[in-house]
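Dear colleague,

I am passing on the structure we spoke about, with notes on what was found in it. Please have the model open as you read, since the notes move from one part of it to another.

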Amino acid sequence: GTLPKPDLTGLQRVLATAYRQGAPGAVARIDDHGRIQWAAMGFADRRSRRPISNADRFRIGSVTKTFTTVVLMQLADEGKLRLDAPVERYLPGLLPDRTITVRELLGHRSGLYDYTNAMFSKSVPGFEAVRTKVFTYRQLLNRSLWHGRTGAPGVTYSYSNTNFVVAGMLVEKLTGHSVRTEYENRIFKPLKLRDTFYVVPGTKIPGRHARGYLAPDRAGAPMIDATEQTMSWAQSAGAVISSTRDLNTFFSALLGGRLTSHAQLQQMERMVPVDSTQAYGLGLRRRQLSCGISVYGHTGAVQGYYTYAFATKDGRRSLTAVATTSNNVAVLNTMMGTLESAFCGKQTK
Ligand SMILES: CC1(C)S[C@@H]2[C@H](NC(=O)CCCC[C@H](NC(=O)C[NH3+])C(=O)[O-])C(=O)N2[C@H]1C(=O)[O-]
């Protein structure tokens, strides 16, 4: 059916609210059957007060998980990987439970503890302790294995970055290349994503970018400029840098069937309920909106940046919205309103 027209006034209002709630900057871009609409609020840099724009690059956090999944789905299409095979077959002796399958990793049903829960239990000290650190995948996995598992494989959904650290190890084992090479050759170059990079352990965001600010746990304490960090604590679980334009191109291509076979896209879209309006497939979220439309994409939350990147099932309308703060639940919740403006249009209250 036809979608309601995007509500640009509503979109701008959502960004203004996020700004008032503490986001130094916020942007959003809608690509709608080739028509571009966008909104922006606040600053790319609090100190210089340079206005933020949709040309500014940012850290996309866990939206990276969809990129990692696409690489693995392409490997499945090439016959190099079976979703229902145990990870043990490709990475023998790595995981404590040899029955955990690739599908359970990508659907957050492995039971592997999320090492970032411990790493960032205190937001600012946790960040300062890792922002310049370089980790191997195995060091990150070991931080998870120190903890008990959250459940038996294949039973319950429990979001865990650890799953996508193991997914990165799978990519490197199956291809003999770094995840950076695979992202670049399979996604960034074919789709001409000029604003999209994987530079771990480089701490700089290449070119024109928005600075990101971590809100402290203690009210009244100063915001931390979190822009420069290695992102080595996240890697294939959250270290890609991109822009609103490029993420819209990416999700439109994915959902439009241009990145994987139809069969593998269907596997990604096999959803497990997370709550009444959300579900998780393989490296892919589905959200049901107030107007009954379901959109597919991913969210991201890393120090200094909240991201929503979603599209309609056919990929013909996409939205990416970013706020340049984090550890601020009010802003995270407010920014979800960009989905309503972009896909449900004017709310008839
Ligand atoms: C499930 C999420 C929200 S968390 C997960 C991943 N981000 C992380 O694991 C980093 C969490 C620490 C971020 C930090 N928070 C704290 O330090 C809290 N003490 C902050 O807000 O800057 C990502 O991205 N995902 C989001 C996703 O997938 O939407």
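The largest nonpolar core has 79 residues, and those with the most contacts inside it are Phe67, Leu106, Val166, Ile187, Trp233 and Phe250. Please keep in mind throughout that this is a predicted model. Taking Phe250 as an example, and leaving aside its neighbours within four places in sequence, its contacts are Thr66, Phe67, Val70, Ile187, Leu191, Leu193 and Leu259. Apart from the largest core lies another one, of 23 residues, which includes Leu15, Leu289, Ile293 and Phe310.

Next, the cysteines. The structure holds 1 disulfide, formed by Cys291 and Cys344, whose sulfur atoms are 1.9 Å apart. The torsion about the S-S bond of this pair is about -70°, so the disulfide is left-handed. The bond links distant parts of the chain, with the two cysteines 53 residues apart: Cys291 is in the loop between β10 (285-288) and β11 (294-302), whereas Cys344 belongs to helix α12 (residues 337-344). The two ends also sit in unlike surroundings, since Cys291 has a relative accessible area of 35% and is therefore partly exposed, while Cys344, with a relative accessible area of 6%, is buried.

As for empty space, about 740 Å³ of it lies in the largest pocket. Of the 31 residues that line this pocket, Gly300, Ala301, Val302, Tyr306 and Leu332 are the closest to its centre. Two or more lining residues come from each of α4 (115-119), β10, β11, β12 (305-311) and α11 (329-335), and the largest share, 5 residues, is that of β11. Sorted by class, the lining of the largest pocket has 13 nonpolar, 15 polar and 3 charged residues.

There is also enclosed space to report, with 1 cavity of 30 Å³ or more in the count; the volume of the largest cavity is about 40 Å³. Its lining is made up of Val87, Glu88, Leu91, Leu95, Asp97, Arg98 and Ile100, which by class gives 4 nonpolar, no polar and 3 charged residues.

Two single residues may be worth finding in the model as well. Which residues does Ser232 touch, not counting those up to four places away in sequence? They are Lys133, Val134, Phe135, Leu140 and Val200. Ser232 itself lies in the loop between β6 (224-225) and β7 (241-242), and it is buried, because its relative accessible area of 1% falls under the 20% cut-off.

The other residue is Leu145, whose place is in helix α6 (residues 137-145). With a relative accessible area of 31%, Leu145 is partly exposed, because that value lies between the limits of 20% and 50%. Neighbours within four places in sequence aside, Leu145 is in contact with Leu94, Pro96 and Leu112. For Leu145 and Pro96 the separation is 49 residues in sequence, and their C-alpha atoms are 7.9 Å apart in space.

With best wishes

Note on methods
Residues are numbered from 1 along each chain as its sequence is written. This is a predicted model: local features need pLDDT of at least 70, side-chain atom pairs count only at pLDDT 80 or more; totals for chains, interfaces and linings use all residues. Side-chain values use heavy atoms; hydrogens and water are left out. A nonpolar core is a set of buried Ala, Val, Leu, Ile, Met, Phe, Trp, Tyr and Cys residues joined through side-chain atoms within 4.5 Å. Buried means under 20% relative accessible area, exposed over 50%, partly exposed in between (1.4 Å probe, protein chains only). Contact means heavy atoms within 4.5 Å. A disulfide is a pair of cysteine sulfur atoms within 2.5 Å. Helices (H or I, at least four residues) and strands (E, at least two) are DSSP runs, numbered from the N terminus. On a 1 Å grid over the protein atoms alone, a cavity is a set of points where a 1.4 Å probe fits but cannot get out, and a pocket is an open set with protein on both sides within 12 Å along at least five of seven lines; lining residues have an atom within 4 Å of a point. Grid points are joined across faces, edges and corners, and a volume is the space filled by probe spheres set on the points. Ala, Val, Leu, Ile, Met, Phe, Trp, Tyr, Cys and Pro count as nonpolar, Asp, Glu, Lys and Arg as charged, and the others, Gly among them, as polar.
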